[in-house]
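Colleague: I have a new model open and would like to walk through it with you. Could you take my questions one at a time?

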Amino acid sequence: MRKPFGLRFGPLNERCAHLCVDAQRMFAEETAWHTPWLSRVLPNVARIATSHPGRTIFTRFLPARSPTECSGAWRRYYEEWPSMTLNALGEEMTELCPSLAGLVPPARIIDKRVYSPWMEPDLDMLLADWNIDTLIVTGGETDVCVLASVLGAVDRGYRVILAADGLCSSADETHDAMMTLYGSRFGEQIELTETSEILAAWPAAQQASVA
């Protein structure tokens, strides 16, 4: 993995929010989509979220109930993964990991049915309400839903900061490749750093009150 570069574009302030992607039981526990590295990065995700719960947004990926409620490629996708439909999995497995669930509220949840959270208008509206211009991103997977989340944020002009020790994938090779890509091809739009630097640069005292 490419060494984190640090916060190259200045300090963090009250216009910063934490977007945690899909830190859910169905990825942390023994399912067909188990992501072993999630348990290792969760402590860092929790450190950021606990420091700023009122500026944290958790996304949750909600699978289809069955392949028949989908069309096109998504139907074929769930035919490949029938054990990960809601009918087979159980809705409780879509919940946040226990170490994070207690932060809601004041942390918020945005549910989505595709990789990108930007398909849900609630995310754009919430960030606008909070007057956010900077997003710290954690969660998984680095090469799937995190990728969709990051590119959507870049397209919208947000300053994007990736907590390198707060991201994970079930595939080491593509995780490493994506971290290199984020830091090289997107070097002017994405900053790579570590949780300790983020927390040092974003004191909890800066957190604005959120209704």
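**A ring, a pocket and some odd bonds**

Modeller: Let me begin with one contact, in which Arg40 lies over the face of Trp37, at 4.3 Å from the ring centre. Please keep in mind that this is a predicted model.

Colleague: OK, and how many aromatic pairs are there in the whole structure?

Modeller: A search of the whole structure gives ten aromatic pairs. One aromatic cluster is formed by Phe27, Trp33, Phe61, Trp74, Tyr77, Tyr78, Trp81 and Tyr115.

Colleague: Changing topic, what lines the largest pocket?

Modeller: The lining of the largest pocket includes Phe27, Trp33, Phe61, Tyr77 and Tyr115, and these names also appear in the aromatic cluster. Among the other lining residues of that pocket are Asp22, Gly140, Glu141 and Cys145. By class, the lining divides into eight nonpolar, two polar and two charged residues, and the space in the pocket comes to about 220 Å³.

Colleague: And how many cavities of 30 Å³ or more does the structure hold?

Modeller: The structure holds one cavity of that kind, and about 40 Å³ of space lies in the largest cavity. Its lining is made up of Asp22, Phe27, Thr35, Leu38, Gly140, Glu141 and Cys168, which by class gives three nonpolar, two polar and two charged residues.

Colleague: Asp22 came up twice there, so is Asp22 buried or exposed?

Modeller: Asp22 is buried, with a relative accessible area of 3%, where buried means under 20%. Asp22 sits in the loop between strand E1 (16-21) and helix H1 (25-28), and its phi is near 55°, a positive value in a residue other than glycine.

Colleague: Which other residue has a positive phi although it is not a glycine?

Modeller: Asn131 has one, of about 60°, and it belongs to the loop between helix H6 (121-129) and E4. Asn131 is partly exposed, with a relative accessible area of 45%.

Colleague: Back to Gly140 and Glu141, what is the peptide bond between them like?

Modeller: The peptide bond from Gly140 to Glu141 is cis, with omega near -10°, and Glu141 lies in the loop between strand E4 (134-140) and helix H7 (145-155). The bond from Pro105 to Pro106 is cis as well, with omega near 10°, and Pro106 is found in the loop between helix H5 (98-101) and strand E3 (108-112).

Colleague: Last one, where does UniProt place the domain feature?

Modeller: The unreviewed UniProt entry places "domain: Isochorismatase-like" at residues 17-191. In the model, that span is 39% helix and 20% strand, and its end C-alpha atoms lie 15 Å apart.

Conventions. Residues are numbered from 1 along each chain as its sequence is written. This is a predicted model: local features need pLDDT of at least 70, side-chain atom pairs count only at pLDDT 80 or more; totals for chains, interfaces and linings use all residues. Side-chain values use heavy atoms; hydrogens and water are left out. UniProt positions are given in the numbering used here, feature names are shortened, and annotations may be inferred rather than shown by experiment. Helices (H or I, at least four residues) and strands (E, at least two) are DSSP runs, numbered from the N terminus. On a 1 Å grid over the protein atoms alone, a cavity is a set of points where a 1.4 Å probe fits but cannot get out, and a pocket is an open set with protein on both sides within 12 Å along at least five of seven lines; lining residues have an atom within 4 Å of a point. Grid points are joined across faces, edges and corners, and a volume is the space filled by probe spheres set on the points. Ala, Val, Leu, Ile, Met, Phe, Trp, Tyr, Cys and Pro count as nonpolar, Asp, Glu, Lys and Arg as charged, and the others, Gly among them, as polar. Rings of Phe, Tyr and Trp (its six-membered ring) pair if their centres lie within 6.5 Å; planes under 30 degrees apart count as stacked, over 60 as edge-to-face and the rest as tilted. A charge sits over a ring if NZ of Lys or CZ of Arg is within 6 Å of the ring centre and within 35 degrees of the ring normal. Buried means under 20% relative accessible area, exposed over 50%, partly exposed in between (1.4 Å probe, protein chains only).
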